[in-house]
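User: I would like a close look at one helix of this model and at what lies around it. Please keep the account plain.

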Amino acid sequence: MTSDTTYYQDNRMFHASACNLMGTRLDVVMIGVRQGIATALWQSCLDIVSHLETVGSRFSPDSETSAVNRAEPLSMVSVSPLFRGLLTDAIGYRTLTLGAFDITACSCAAVDFTPDGLSLIIPSSGLKIDLGGYLKGHAVDLIADTLRQGGVTDAFIDFGGSSIMGIGSHPAGDGWPVSVTDPYTRRSLRAGVLRDAALSTSGNTPAYNGHIVSPFTGRAVTGNRLSAVIAPRAVDAEVLSTAWLVADRDLRAAILPNFPTVIDEFVYN
């Protein structure tokens with residue numbers, strides 16, 4: 001991981017970025033904050049993401065997720081309280097999205113813990129966990145909470161371009177301007193302003209196609225298909241933007257009442 005920071009003294013703006021976090025780049029901008037405070041808060045942001053990655057990344061061979069995915073059927077795997085909480089929360093979204101969001105690699109496998117909550121019971125069919133479509137949004141929410149607790153009232157968080165949070169306002173206006181672009185044509189599909197809200201986009205690109213698999217059919221979503229959701233919580237926006245890629249219009253209408261705080265959403269294909 002490489003980290004770069006810049007402090008603009010005239011307007012007390014702090015910009016920091018780091019690469020190779022959850023496979024992508026994290027950018028954080030803070031406005032009206034002293035340099036020392038901003039630097040300490042940025043380190044807290046890095047610590048949050050790094051810790052989540054060591055627990056929840058399926059690409060890290062040493063993560064708890066990878067340990068579960070390697071486990072033999074009918075075995076038990078010790079889990080930390082953090083991992084147990086992430087799994088419980090993420091599994092809850094499968095119910096809220098009526099099955100459209102599933103972290104068990106579209107198998108709808110049961111995720112059960114021992115009575116003491118210290119171990120995960122691997123079902124007879126095995127268990128494959130993929131927290132993609134959840135973990136970045138959760139990280140953005142934790143970062144936003146950390147900045148607010150540190151006294152930051154205006155900030156912008158961009159995690160990989162697909163999970164974004166605007167806190168307060170940009171120095172030049174009310175809120176933070178954002179836009180959703182078609183990755184195939186570069187045409188702007190929707191523009192708006194984030195103020196204490198998150199935007200998540202999910203979909204295919206010319207270089208990255210078919211990475212979302214429908215829990216209902218087991219088939220990958222291919223072609224030029226994109227979804228975007230704006231909500232107060234980044235994890236809600238990220239989960240829904242993933243679910244929207246596999247849910248038809250009727251299913252999306254049935255799911256939305258379970259997320260009454262959603263501000264805007266659309267699907268383009």
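What span should the 16 residues of helix H3 (residues 81–96) have at 1.5 Å a residue, and how far apart are its end C-alpha atoms? Please go on from there to its surroundings and to the salt bridges.

Analyst: This is a predicted model, in which local features need pLDDT of at least 70 and side-chain atom pairs count only at pLDDT 80 or more, while totals for chains, interfaces and linings use all residues. Residues are numbered from 1 along each chain as its sequence is written, and side-chain values use heavy atoms, with hydrogens and water left out.

Helices (H or I, at least four residues) and strands (E, at least two) are DSSP runs, numbered from the N terminus. The expected span of a helix is 1.5 Å times one less than its number of residues. For the 16 residues of H3 this gives 22 Å, and the end C-alpha atoms are 23 Å apart, which agrees.

The buried residues of H3 (buried: under 20% relative accessible area; exposed: over 50%; partly exposed: in between; 1.4 Å probe, protein chains only) are Phe83, Leu86, Leu87, Ala90, Ile91, Tyr93 and Arg94. They cover an arc of only 145° around the axis, which puts them on the same side of H3; the arc is that of the directions from the helix axis to the C-beta atoms. An α-helix has 3.6 residues a turn, so residues three or four places apart point the same way. On the face of H3 turned away from the buried side are the exposed residues Pro81 and Thr95. Just after H3, Leu98 has a positive phi of about 55°.

The cover over the buried residues of H3 includes helices H1 (35–56), H2 (64–70), H4 (135–149) and H5 (234–244), along with strands S5 (112–113) and S6 (119–121). Contact here means heavy atoms within 4.5 Å. Of the 11 residues of H5, 11 are buried, so H5 is largely enclosed by the rest of the structure. Among them are Asp236, Glu238 and Trp244.

S5 and S6 belong to an open sheet of three strands, in the order S4-S6-S5, with antiparallel pairing. Strand S4 (76–78) and S5 stand at the edges with a single partner strand each, so one side of each has no neighbour in the sheet. Two strands pair if DSSP finds at least two bridges between them; S5 and S6 pair over two bridges. Asp112 has Ile121 in S6 as its bridge partner.

H4 leads on to the salt bridges (a side-chain nitrogen of Lys or Arg within 4 Å of a carboxyl oxygen of Asp or Glu), of which the whole structure has eight. One of them joins Arg148 and Asp196, at 3.9 Å from N to O. Arg148 is in H4 and Asp196 in the loop between strand S10 (188–194) and strand S11 (197–203), 48 residues apart. Arg148 is partly exposed at 37% relative accessible area, and Asp196 is partly exposed at 37%.

Another salt bridge, between Arg190 and Asp264, has an N to O distance of 2.8 Å. This pair links strand S10 to strand S13 (residues 264–268), with the partners 74 residues apart. Arg190 is partly exposed, at 33% relative accessible area, and so is Asp264, at 29%. Salt bridges with shared partners also join Asp145, Arg148 and Asp196 into one network.
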